[in-house]
Amino acid sequence: MNKCELCKSQWGNFWKRIEDQHLFFCCQLCAVQYENLINAIQIQFGNREISMTEIQGTSRLRICKVVKNDKEYRFSVSYSTDGQIFRFKEL
Amino acid sequence: MVNCGVCYEKLVNFEDMVRHLLRFSERSEPNHIKFLNQYISAEKLDYNQLASALKRFFDYNVDGLQLWIKKIFVKKFYSNDPHPFVLALQHPSDTTLIGYTIEHQHFLRQWVRSCAAIIAKTDKMDVTLYELENINTEFGGFGTELPSHFELLIRMGESLGISRSVIFDIQPLPDTARAIEFWQEIAQNRDWIETMTAMHSLELIAYRNIKNYGASISYFDPSILNQSLISNDAKQFLREGYEADITHADEALKLIEKYATDPELIQRIQATFLQSIEWFDRYLLARLERGKKYE
């Protein structure tokens, strides 16, 4: 069963190509949030040697962990209702 | 008949609601999927499982309608994932309070219209008296000694450096405007008791006893009323809501439970409530969005 790349929901049937990967989402809102999240991570941490280890939270506030150069970074991302990032905050 | 808790579409029964939700899930419609994720299950259920889950979700017989409403409200706005506005209000910055002032004035103007619509449509004297008191507390005031919440809100804004005329001139943000449109549509077109539920359930956001229902925090940290973090006018505004909304919410929910006797009406009330809190969620985010413009 497919799970939404962002929220892990099994409902919906929305597919989007992001960074050469064909990803499953429950809806377009999650896809928009996810894409904005990836872009924000690239701006904040740079493009190279980043791996996303965890996304938790809800559509209002995502708590994420990324690893860069063996160092773990935690941050929160809050969204406006249209999926744009409202605030990006390192924790 | 039952109504969808997302789009209010009239459906024959809960089995029809299952087909309705599955159709919207296949279309990846965000609002219906959010309903499923939020209230039913993030795991995809088959037809029979979803039908059972929906019936369980809407079943108010164990808790009663009041408690059903309170539990869902707490789950949505408090629990382990409090609403970002509530988090910001724990120890609010000036910009958070400015955002609150500017957007909430529009909410309160609509509030009065909604309460008036309830009075216009109901024949219950206790409901009328309740709404009259609520209108005066929130908007009219009781002379110079007891200013309304609206007046206290504006004074809070003035204490933060925004003049009254500027506050009144600022148009609502899109999500506030859309939420207000929704509440006005409810007030005009739905049963008075649905309007009453849609509006007065929202007073649970400032309900002083919210922690008794599983909330991890309250609307704000009450200690800020005794500190110098915020202005006296801000304290006065928050304090008045803190004092009034406990009775406002409880009294309204008691009246709703008293007069909601027909099962079909109760399910419509539930559907309207679910829609209302979705718009309230967006409206609270609009308060934050407004505040951010002043950072």
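Reader: Let me start with a small detail: which helix gives the largest share of the lining of the second largest cavity?

Author: Happy to begin there, with the reminder that this is a predicted model. Helix 13 of chain B, residues 263–292, gives the largest share, with 3 residues. The space in that second largest cavity is about 60 Å³, and the structure holds 2 cavities of 30 Å³ or more.

Reader: Which residues line the second largest cavity?

Author: Both chains take part. From chain A come A:Tyr79, A:Ser80, A:Thr81 and A:Phe86, and from chain B come B:Asp175, B:Leu285, B:Ala286 and B:Glu289. By class, this lining divides into 4 nonpolar, 2 polar and 2 charged residues.

Reader: Now the interface itself. How should I read the area buried between chain A and chain B?

Author: The general idea is that interface size is often given as the accessible area lost when the parts come together. Here chain A and chain B bury about 2000 Å², and carbon and sulfur atoms give 57% of that area. On the chain A side, A:Trp11, A:Arg60 and A:Phe86 supply 44% of the area that chain A buries against chain B, more than any other three residues. A:Phe86 is worth finding on your screen, as it also lines the second largest cavity.

Reader: How many residues does each chain bring to the contact?

Author: Chain A brings 20 residues and chain B brings 29.

Reader: What about charge pairing: how many salt bridges are there between chain A and chain B?

Author: As a general point, side chains of opposite charge can pair when their charged atoms come close. Between chain A and chain B the count is 1 salt bridge. The partners are A:Arg87 and B:Glu295, whose closest N and O atoms are 3.4 Å apart. Polar contacts add to the picture: 11 residue pairs are found in polar contact across this interface, both residues being at pLDDT 80 or more. Two elements of chain A each give two or more residues to the side that touches chain B, namely helix 1 (28–45) and strand 6 (85–90). That side of chain A divides into 9 nonpolar, 8 polar and 3 charged residues.

Reader: And how many salt bridges does a search of the whole structure find?

Author: Over all chains, the search finds 20. One to look up is B:Lys55 with B:Glu15, at 2.7 Å from N to O. This pair links distant parts of the chain, 40 residues apart: B:Lys55 sits in helix 3 (residues 47–58) of chain B, and B:Glu15 in helix 1 (residues 14–26) of chain B.

Reader: If I want to look at open space instead, where is the centre of the largest pocket?

Author: That pocket holds about 600 Å³ of space. Of its 24 lining residues, the closest to the centre are A:Gly57, A:Thr58, A:Ser59, B:Asn37 and B:Gln38. The elements giving two or more residues to the lining are helix 1 of chain A, together with helix 2 (30–40) and helix 4 (65–77) of chain B. Helix 2 of chain B gives the largest share, 6 residues. By class, the lining has 9 nonpolar, 8 polar and 7 charged residues.

Reader: One last item, on the backbone: what sign does phi have at A:Asn69?

Author: In general, most residues other than glycine have a negative phi. A:Asn69 is not a glycine, yet its phi is positive, about 50 degrees. Look for A:Asn69 in the loop between strand 4 (61–68) and strand 5 (71–79) of chain A. B:Ser28 also has a positive phi, about 60 degrees, and lies in the loop between helix 1 and helix 2 of chain B.

Technical notes. Residues are numbered from 1 along each chain as its sequence is written. Chains are lettered from A and ligands numbered from 1 in the order in which they are written. This is a predicted model: local features need pLDDT of at least 70, side-chain atom pairs count only at pLDDT 80 or more; totals for chains, interfaces and linings use all residues. Side-chain values use heavy atoms; hydrogens and water are left out. Contact means heavy atoms within 4.5 Å. Buried area is the accessible area (1.4 Å probe) that two parts lose on being put together, summed over both. A salt bridge is a side-chain nitrogen of Lys or Arg within 4 Å of a carboxyl oxygen of Asp or Glu. A polar contact is a pair of N or O atoms within 3.5 Å; within protein, one must be able to donate a hydrogen and the other to accept it, and residues adjacent in sequence count only if both atoms are side-chain atoms. Helices (H or I, at least four residues) and strands (E, at least two) are DSSP runs, numbered from the N terminus. Ala, Val, Leu, Ile, Met, Phe, Trp, Tyr, Cys and Pro count as nonpolar, Asp, Glu, Lys and Arg as charged, and the others, Gly among them, as polar. On a 1 Å grid over the protein atoms alone, a cavity is a set of points where a 1.4 Å probe fits but cannot get out, and a pocket is an open set with protein on both sides within 12 Å along at least five of seven lines; lining residues have an atom within 4 Å of a point. Grid points are joined across faces, edges and corners, and a volume is the space filled by probe spheres set on the points.
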